[in-house]
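Q: I am new to this structure and would be grateful for a close look at a single part of the protein chain. Please describe that part in one connected account and place it in its surroundings.

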Amino acid sequence: MHAESDAFTARAGPAGRGASDSLIDGRSGLQSMTPRIAWIATPIVLALVLAGVAFLASNGGADPASVLRPDDAKLLMAGERIYIERCASCHGARLEGQPEWRTRGPDGLLPAPPHDASGHTWHHADDVLFRITKYGVAKAANLADYRSAMPGFEGVLSDEDILAVLSWIKSRWPASIRRQHDEINARQASQSAR
Ligand code: HEC
(Lines give C-alpha, C1' and ligand atoms only; values in the text may rest on other atoms or scores of the structure.)
Protein backbone atom coordinates (compact mmCIF):
# COMPACT_ATOMS: atom_id res chain seq x y z
CA MET A 1 0.00 0.00 0.00
CA HIS A 2 2.69 2.39 1.08
CA ALA A 3 4.89 1.46 -1.85
CA GLU A 4 1.99 1.99 -4.24
CA SER A 5 1.21 5.50 -3.05
CA ASP A 6 4.93 6.28 -3.19
CA ALA A 7 4.99 5.09 -6.76
CA PHE A 8 1.97 7.24 -7.54
CA THR A 9 3.58 10.35 -6.06
CA ALA A 10 6.74 9.59 -7.94
CA ARG A 11 4.84 9.28 -11.19
CA ALA A 12 2.81 12.42 -10.47
CA GLY A 13 6.15 14.14 -10.30
CA PRO A 14 6.74 17.77 -9.41
CA ALA A 15 4.13 20.50 -9.95
CA GLY A 16 3.74 21.90 -13.42
CA ARG A 17 2.68 20.68 -16.85
CA GLY A 18 4.48 17.40 -16.51
CA ALA A 19 2.66 16.72 -13.29
CA SER A 20 -0.84 17.13 -14.73
CA ASP A 21 0.11 14.91 -17.70
CA SER A 22 1.21 12.15 -15.44
CA LEU A 23 -1.91 12.60 -13.30
CA ILE A 24 -4.07 12.01 -16.36
CA ASP A 25 -1.96 8.95 -17.12
CA GLY A 26 -2.56 7.82 -13.59
CA ARG A 27 -6.28 8.15 -13.99
CA SER A 28 -6.53 6.30 -17.27
CA GLY A 29 -4.36 3.65 -15.71
CA LEU A 30 -6.91 3.32 -12.92
CA GLN A 31 -9.74 3.18 -15.39
CA SER A 32 -8.21 0.30 -17.29
CA MET A 33 -7.78 -1.47 -13.98
CA THR A 34 -11.43 -1.14 -12.98
CA PRO A 35 -12.67 -4.42 -14.48
CA ARG A 36 -9.82 -6.22 -12.79
CA ILE A 37 -10.64 -4.60 -9.46
CA ALA A 38 -14.28 -5.66 -9.96
CA TRP A 39 -13.16 -9.26 -10.49
CA ILE A 40 -11.21 -9.17 -7.29
CA ALA A 41 -13.71 -7.15 -5.27
CA THR A 42 -16.89 -9.11 -6.09
CA PRO A 43 -15.89 -12.32 -4.30
CA ILE A 44 -14.63 -10.26 -1.36
CA VAL A 45 -17.94 -8.42 -1.06
CA LEU A 46 -19.80 -11.72 -1.39
CA ALA A 47 -17.67 -13.28 1.31
CA LEU A 48 -18.39 -10.35 3.61
CA VAL A 49 -22.13 -10.63 2.98
CA LEU A 50 -22.06 -14.37 3.66
CA ALA A 51 -20.05 -13.84 6.82
CA GLY A 52 -22.68 -11.31 7.93
CA VAL A 53 -25.44 -13.81 7.26
CA ALA A 54 -23.63 -16.52 9.21
CA PHE A 55 -23.09 -14.05 12.05
CA LEU A 56 -26.81 -13.19 12.13
CA ALA A 57 -27.78 -16.87 12.10
CA SER A 58 -25.37 -17.73 14.90
CA ASN A 59 -26.72 -14.84 16.91
CA GLY A 60 -30.30 -15.98 16.86
CA GLY A 61 -31.34 -13.77 13.98
CA ALA A 62 -33.75 -15.80 11.90
CA ASP A 63 -32.09 -17.98 9.29
CA PRO A 64 -32.85 -16.10 6.07
CA ALA A 65 -33.44 -19.43 4.34
CA SER A 66 -36.64 -19.92 6.34
CA VAL A 67 -37.95 -16.37 6.60
CA LEU A 68 -41.34 -16.27 4.88
CA ARG A 69 -41.87 -13.68 2.15
CA PRO A 70 -45.66 -13.18 1.90
CA ASP A 71 -45.20 -10.07 -0.30
CA ASP A 72 -42.98 -11.69 -2.92
CA ALA A 73 -45.42 -12.00 -5.84
CA LYS A 74 -43.27 -14.39 -7.85
CA LEU A 75 -42.69 -16.68 -4.90
CA LEU A 76 -46.42 -16.66 -4.11
CA MET A 77 -47.31 -17.85 -7.61
CA ALA A 78 -45.08 -20.88 -7.14
CA GLY A 79 -46.39 -21.33 -3.61
CA GLU A 80 -50.03 -21.47 -4.66
CA ARG A 81 -49.28 -24.11 -7.29
CA ILE A 82 -47.35 -26.22 -4.78
CA TYR A 83 -50.12 -25.87 -2.22
CA ILE A 84 -52.74 -27.14 -4.68
CA GLU A 85 -50.52 -30.05 -5.73
CA ARG A 86 -49.11 -31.11 -2.38
CA CYS A 87 -51.15 -29.79 0.53
CA ALA A 88 -54.75 -29.10 -0.50
CA SER A 89 -55.78 -32.79 -0.44
CA CYS A 90 -55.40 -32.79 3.35
CA HIS A 91 -55.41 -29.14 4.43
CA GLY A 92 -58.26 -28.17 2.09
CA ALA A 93 -58.45 -26.12 -1.10
CA ARG A 94 -59.49 -23.09 0.96
CA LEU A 95 -57.04 -23.87 3.81
CA GLU A 96 -60.02 -25.06 5.86
CA GLY A 97 -58.44 -28.31 7.08
CA GLN A 98 -60.29 -31.57 7.70
CA PRO A 99 -63.54 -31.82 9.70
CA GLU A 100 -63.16 -32.36 13.47
CA TRP A 101 -59.47 -31.58 13.14
CA ARG A 102 -58.98 -31.33 16.90
CA THR A 103 -60.11 -34.94 17.52
CA ARG A 104 -57.89 -37.93 16.87
CA GLY A 105 -59.39 -40.47 14.48
CA PRO A 106 -59.81 -44.23 15.13
CA ASP A 107 -56.21 -44.67 13.94
CA GLY A 108 -55.04 -42.39 16.76
CA LEU A 109 -53.88 -39.75 14.29
CA LEU A 110 -54.96 -36.14 14.19
CA PRO A 111 -56.74 -34.92 11.04
CA ALA A 112 -55.10 -32.11 9.08
CA PRO A 113 -55.67 -28.73 10.75
CA PRO A 114 -56.71 -25.65 8.80
CA HIS A 115 -53.99 -23.25 7.66
CA ASP A 116 -56.31 -20.25 7.78
CA ALA A 117 -56.85 -17.87 10.69
CA SER A 118 -59.02 -20.45 12.54
CA GLY A 119 -56.12 -22.93 12.89
CA HIS A 120 -52.89 -22.69 14.82
CA THR A 121 -50.41 -22.69 11.96
CA TRP A 122 -49.92 -18.97 12.53
CA HIS A 123 -49.03 -19.63 16.19
CA HIS A 124 -45.71 -21.09 15.03
CA ALA A 125 -42.66 -19.05 14.03
CA ASP A 126 -41.34 -19.31 10.47
CA ASP A 127 -38.59 -21.78 11.20
CA VAL A 128 -40.96 -24.12 13.08
CA LEU A 129 -43.35 -24.16 10.12
CA PHE A 130 -40.40 -24.75 7.84
CA ARG A 131 -39.14 -27.70 9.89
CA ILE A 132 -42.61 -29.28 10.22
CA THR A 133 -43.06 -29.11 6.45
CA LYS A 134 -39.58 -30.35 5.65
CA TYR A 135 -39.18 -33.07 8.29
CA GLY A 136 -42.71 -33.85 9.51
CA VAL A 137 -44.08 -33.24 13.00
CA ALA A 138 -42.15 -35.91 14.95
CA LYS A 139 -38.73 -34.78 13.82
CA ALA A 140 -39.59 -31.06 13.93
CA ALA A 141 -40.88 -31.37 17.50
CA ASN A 142 -38.15 -33.79 18.58
CA LEU A 143 -40.69 -36.42 19.56
CA ALA A 144 -39.28 -39.60 18.12
CA ASP A 145 -42.36 -41.72 18.88
CA TYR A 146 -44.99 -39.23 17.76
CA ARG A 147 -47.19 -40.68 15.02
CA SER A 148 -48.61 -38.18 12.58
CA ALA A 149 -50.30 -38.18 9.20
CA MET A 150 -48.32 -35.10 8.19
CA PRO A 151 -45.65 -36.20 5.70
CA GLY A 152 -42.20 -34.59 5.70
CA PHE A 153 -41.43 -33.15 2.29
CA GLU A 154 -37.65 -33.43 2.43
CA GLY A 155 -36.46 -34.78 -0.92
CA VAL A 156 -39.85 -33.99 -2.50
CA LEU A 157 -39.86 -30.20 -2.24
CA SER A 158 -36.77 -27.99 -2.31
CA ASP A 159 -36.20 -25.52 0.54
CA GLU A 160 -37.29 -22.73 -1.81
CA ASP A 161 -40.51 -24.67 -2.62
CA ILE A 162 -41.23 -25.03 1.09
CA LEU A 163 -40.59 -21.34 1.61
CA ALA A 164 -42.88 -20.57 -1.34
CA VAL A 165 -45.82 -22.64 -0.12
CA LEU A 166 -45.56 -21.36 3.47
CA SER A 167 -45.22 -17.78 2.22
CA TRP A 168 -48.36 -18.27 0.16
CA ILE A 169 -50.23 -19.64 3.19
CA LYS A 170 -49.15 -16.59 5.20
CA SER A 171 -50.23 -14.27 2.37
CA ARG A 172 -53.80 -15.59 2.82
CA TRP A 173 -54.03 -14.54 6.45
CA PRO A 174 -55.84 -11.31 7.39
CA ALA A 175 -53.54 -8.38 8.15
CA SER A 176 -54.08 -8.63 11.92
CA ILE A 177 -53.02 -12.31 11.97
CA ARG A 178 -50.02 -11.58 9.79
CA ARG A 179 -48.99 -8.88 12.23
CA GLN A 180 -49.32 -11.23 15.18
CA HIS A 181 -47.26 -13.80 13.31
CA ASP A 182 -44.55 -11.18 12.68
CA GLU A 183 -44.49 -10.55 16.43
CA ILE A 184 -44.15 -14.28 17.18
CA ASN A 185 -41.15 -14.36 14.84
CA ALA A 186 -39.61 -11.30 16.48
CA ARG A 187 -40.10 -12.75 19.97
CA GLN A 188 -38.54 -16.06 18.98
CA ALA A 189 -35.57 -14.29 17.40
CA SER A 190 -34.92 -12.21 20.51
CA GLN A 191 -35.26 -15.27 22.76
CA SER A 192 -32.75 -17.34 20.84
CA ALA A 193 -30.38 -14.34 20.74
CA ARG A 194 -30.09 -14.45 24.54
C1 HEC B 1 -51.52 -36.61 3.92
C2 HEC B 1 -52.13 -35.43 4.47
C3 HEC B 1 -51.28 -34.18 4.55
C4 HEC B 1 -50.65 -33.52 3.53
C5 HEC B 1 -50.59 -33.90 2.06
C6 HEC B 1 -50.05 -32.34 4.12
N7 HEC B 1 -50.30 -32.30 5.45
FE8 HEC B 1 -49.66 -30.88 6.77
N9 HEC B 1 -50.55 -31.85 8.29
C10 HEC B 1 -51.29 -33.01 8.17
C11 HEC B 1 -51.73 -33.42 9.47
C12 HEC B 1 -52.57 -34.64 9.75
C13 HEC B 1 -51.24 -32.47 10.40
C14 HEC B 1 -51.40 -32.51 11.92
C15 HEC B 1 -50.29 -33.41 12.38
C16 HEC B 1 -50.21 -33.69 13.81
O17 HEC B 1 -50.25 -32.75 14.62
O18 HEC B 1 -50.06 -34.86 14.13
C19 HEC B 1 -50.51 -31.50 9.62
C20 HEC B 1 -49.87 -30.41 10.14
C21 HEC B 1 -49.18 -29.46 9.43
C22 HEC B 1 -48.57 -28.29 9.99
C23 HEC B 1 -48.56 -27.90 11.46
C24 HEC B 1 -49.77 -27.06 11.68
C25 HEC B 1 -50.04 -26.70 13.11
O26 HEC B 1 -51.03 -26.04 13.34
O27 HEC B 1 -49.28 -27.08 13.99
C28 HEC B 1 -48.01 -27.61 8.96
C29 HEC B 1 -47.24 -26.30 9.02
C30 HEC B 1 -48.30 -28.35 7.75
N31 HEC B 1 -49.01 -29.45 8.07
C32 HEC B 1 -47.93 -27.93 6.49
C33 HEC B 1 -48.19 -28.65 5.34
C34 HEC B 1 -47.78 -28.21 4.03
C35 HEC B 1 -47.08 -26.91 3.73
C36 HEC B 1 -48.18 -29.19 3.17
C37 HEC B 1 -47.93 -29.24 1.68
C38 HEC B 1 -46.57 -29.00 1.24
C39 HEC B 1 -48.82 -30.24 3.95
N40 HEC B 1 -48.82 -29.87 5.25
C41 HEC B 1 -49.33 -31.40 3.41
C42 HEC B 1 -51.55 -33.69 7.01
C43 HEC B 1 -51.06 -33.39 5.76
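A: In this predicted model, Trp168 is in contact with Leu76, Gly79, Glu80 and Tyr83, once its neighbours within four places in sequence are left aside. These contacts belong to a meeting of two helices, α3 and α6. Helix α3 covers residues 73-91 and helix α6 covers residues 159-171; their axes come within 7 Å and cross at roughly 95 degrees. An angle from 65 to 115 degrees counts as roughly perpendicular, and α3 and α6 are therefore roughly perpendicular to each other.

On the α3 side, the residues that take part are Leu75, Leu76, Ala78, Gly79, Glu80, Ile82, Tyr83 and Cys87. On the α6 side they are Asp161, Ala164, Val165, Ser167, Trp168, Ile169 and Ser171. By class, the residues of this contact divide into ten nonpolar, three polar and two charged.

Trp168 also has a place in the largest nonpolar core, which holds 18 residues. Tyr83, Ala164, Val165, Leu166, Trp168 and Ile169 touch the most other members of this core. Helices α3, α4 and α6 each give two or more residues to the core, and α6 provides the largest share, seven residues. In soluble globular proteins, nonpolar side chains tend to be buried together.

The same three helices, α3, α4 (126-135) and α6, are the elements that give two or more residues to the shell around the ligand. This shell has 24 residues, of which Cys87, Cys90, Ser148, Ala149 and Met150 come nearest to the ligand. Cys87 is also one of the α3 residues that meet α6. The largest share of the shell, five residues, comes from α3. Sorted by class, the shell has 15 nonpolar, eight polar and one charged residues.

Just before α6 lies a loop that joins it to α5 (137-141), and Ser158 lies in this loop. Ser158 has 13 C-beta neighbours inside 10 Å and so counts as partly exposed. Between Ser158 and Lys134 there are 8.8 Å in space, C-alpha to C-alpha, although the two are 24 residues apart in sequence.

The wider setting is a protein chain with seven helices and zero strands. Of its 194 residues, 17% are buried. Among its contacts between residues at least 6 apart in sequence, 54% join residues at least 24 apart.

Conventions
Residues are numbered from 1 along each chain as its sequence is written. This is a predicted model: local features need pLDDT of at least 70, side-chain atom pairs count only at pLDDT 80 or more; totals for chains, interfaces and linings use all residues. Axes are lines fitted to C-alpha atoms, for helices over the stretch in contact, and angles run from 0 to 180 degrees between N-to-C directions. Helices (H or I, at least four residues) and strands (E, at least two) are DSSP runs, numbered from the N terminus. Angles under 35 degrees count as roughly parallel, over 145 as roughly antiparallel, 65 to 115 as roughly perpendicular and the rest as oblique. Two residues are in contact if their C-beta atoms, placed from the backbone, lie within 7 Å. Ala, Val, Leu, Ile, Met, Phe, Trp, Tyr, Cys and Pro count as nonpolar, Asp, Glu, Lys and Arg as charged, and the others, Gly among them, as polar. A residue is near a molecule or strand if its C-beta atom, placed from the backbone, lies within 6 Å of it. A nonpolar core is a set of buried Ala, Val, Leu, Ile, Met, Phe, Trp, Tyr and Cys residues joined through C-beta atoms within 7 Å. A residue is buried if 20 or more other C-beta atoms lie within 10 Å of its own, exposed if 12 or fewer, and partly exposed in between; C-beta atoms are placed from the backbone.
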